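Student: Could we go through this structure together, one question at a time? I would like to hear the reasoning as well as the answers.

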Amino acid sequence: MTAPAPSPGFDPARFFSARIGGHGTRLGIGYQAHGADWCELLLPFRPNLIGDPARGVLASGPILTLMDMATSVGVWLKRGAFLPHATLDLRIDYLRPATPERTVVGRGECYRVARQVAFVRGIAHDGDPDDPVAHVAGTFMLLDSFA
């Protein structure tokens with residue numbers, strides 16, 4: 001396995017190691033890997049994130065946050081810089097509950113950047129990418145394009 005190509009203007013490993021607060025930090029979301037236009041983040045299982053106590057299943061909100069962050073990082077990587085953008089639309093299709101006690105992996109990719117909008121897609125799984133927990137597709141509005 002080769003090391004990911006460094007992004008010339010944005011390093012997600014450094015970004016996540018330097019965080020000191022925020023929503024993602026409170027959820028325990030961490031960095032795993034990246035490429036030129038994609039990023040994988042981790043959401044470790046924690047009892048306080050359970051949405052269905054009877055089955056021990058994670059709530060959907062932390063998974064949505066994981067995928068919003070992973071696809072957002074994909075946009076920064078594709079653009080090669082930490083530039084302002086906002087989630088315009090993020091559709092998530094939950095395919096099954098995450099397995100209790102397992103870490104959820106969120107892989108987000110930015111597959112196209114237009115003048116004012118970036119297009120993203122992603123997958124969440126808990127160990128087997130061929131058996132996903134959820135798929136996402138969305139768009140981010142590029143706020144610096146209005147300056």
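Student: Happy to start with the core: which residues have the most contacts inside the largest nonpolar core?

Tutor: A word on the source: this is a predicted model, where local features need pLDDT of at least 70 and side-chain atom pairs count only at pLDDT 80 or more, while totals for chains, interfaces and linings use all residues. Residues are numbered from 1 along each chain as its sequence is written, and side-chain values use heavy atoms, with hydrogens and water left out. A nonpolar core here is a set of buried Ala, Val, Leu, Ile, Met, Phe, Trp, Tyr and Cys residues joined through side-chain atoms within 4.5 Å, where buried means under 20% relative accessible area, exposed over 50% and partly exposed in between, with a 1.4 Å probe and protein chains only. The largest such core has 32 residues, and those with the most contacts inside it are Ile29, Leu41, Leu43, Leu58 and Ile63.

Student: Which element gives the largest share of this core?

Tutor: Helices (H or I, at least four residues) and strands (E, at least two) are DSSP runs, numbered from the N terminus. Two or more core residues come from each of β2 (38–43), α3, β5, β6, β7 and β8. The largest share, 9 residues, is that of α3.

Student: Which residues does leucine 41 touch?

Tutor: Contact means heavy atoms within 4.5 Å, and residues up to four places away in sequence are not counted for leucine 41. Its partners include Phe16, Ile29, Leu66, Met69, Val104 and Val105.

Student: How many disulfides are there, and why does cysteine 110 not bond with cysteine 39?

Tutor: A disulfide is a pair of cysteine sulfur atoms within 2.5 Å. The sulfur of cysteine 110 has its closest cysteine sulfur in cysteine 39, 12 Å away, so the two are too far apart for a bond. Cysteine 39 is buried at 0% relative accessibility, and cysteine 110 is buried with a relative accessible area of 0%. The count of disulfides is 0.

Student: Now the charged pairs: how many residues apart in sequence are the parts that aspartate 144 and arginine 79 tie together?

Tutor: A salt bridge is a side-chain nitrogen of Lys or Arg within 4 Å of a carboxyl oxygen of Asp or Glu, and the structure holds 8 of them. In one, aspartate 144 meets arginine 79 at 3.0 Å, N to O. Aspartate 144 lies in the segment after β8 (134–142) and arginine 79 in helix α3 (residues 60–79), so the parts tied together are 65 residues apart.

Student: Is arginine 55 buried or exposed, given its salt bridge with aspartate 52?

Tutor: The closest N and O atoms of arginine 55 and aspartate 52 are 2.7 Å apart. Aspartate 52 has a relative accessible area of 24%, which makes it partly exposed. Arginine 55, at 52%, counts as exposed.

Student: Which residues are joined with Arg96 into one network?

Tutor: Arginine 96 forms a salt bridge with aspartate 131, with the closest N and O atoms 3.2 Å apart. This pair links the loop between β5 and β6 to the loop between β7 (117–125) and β8, 35 residues apart. Through salt bridges that share partners, Arg96 is in one network with Arg102, Asp126 and Asp131.

Student: Last one: what is the phi of glutamate 101?

Tutor: Most residues other than glycine have a negative phi. Glutamate 101 lies in the loop between β5 (85–94) and β6 (104–113) and is exposed, with a relative accessible area of 63%. Although glutamate 101 is not a glycine, its phi is positive, about 75 degrees.
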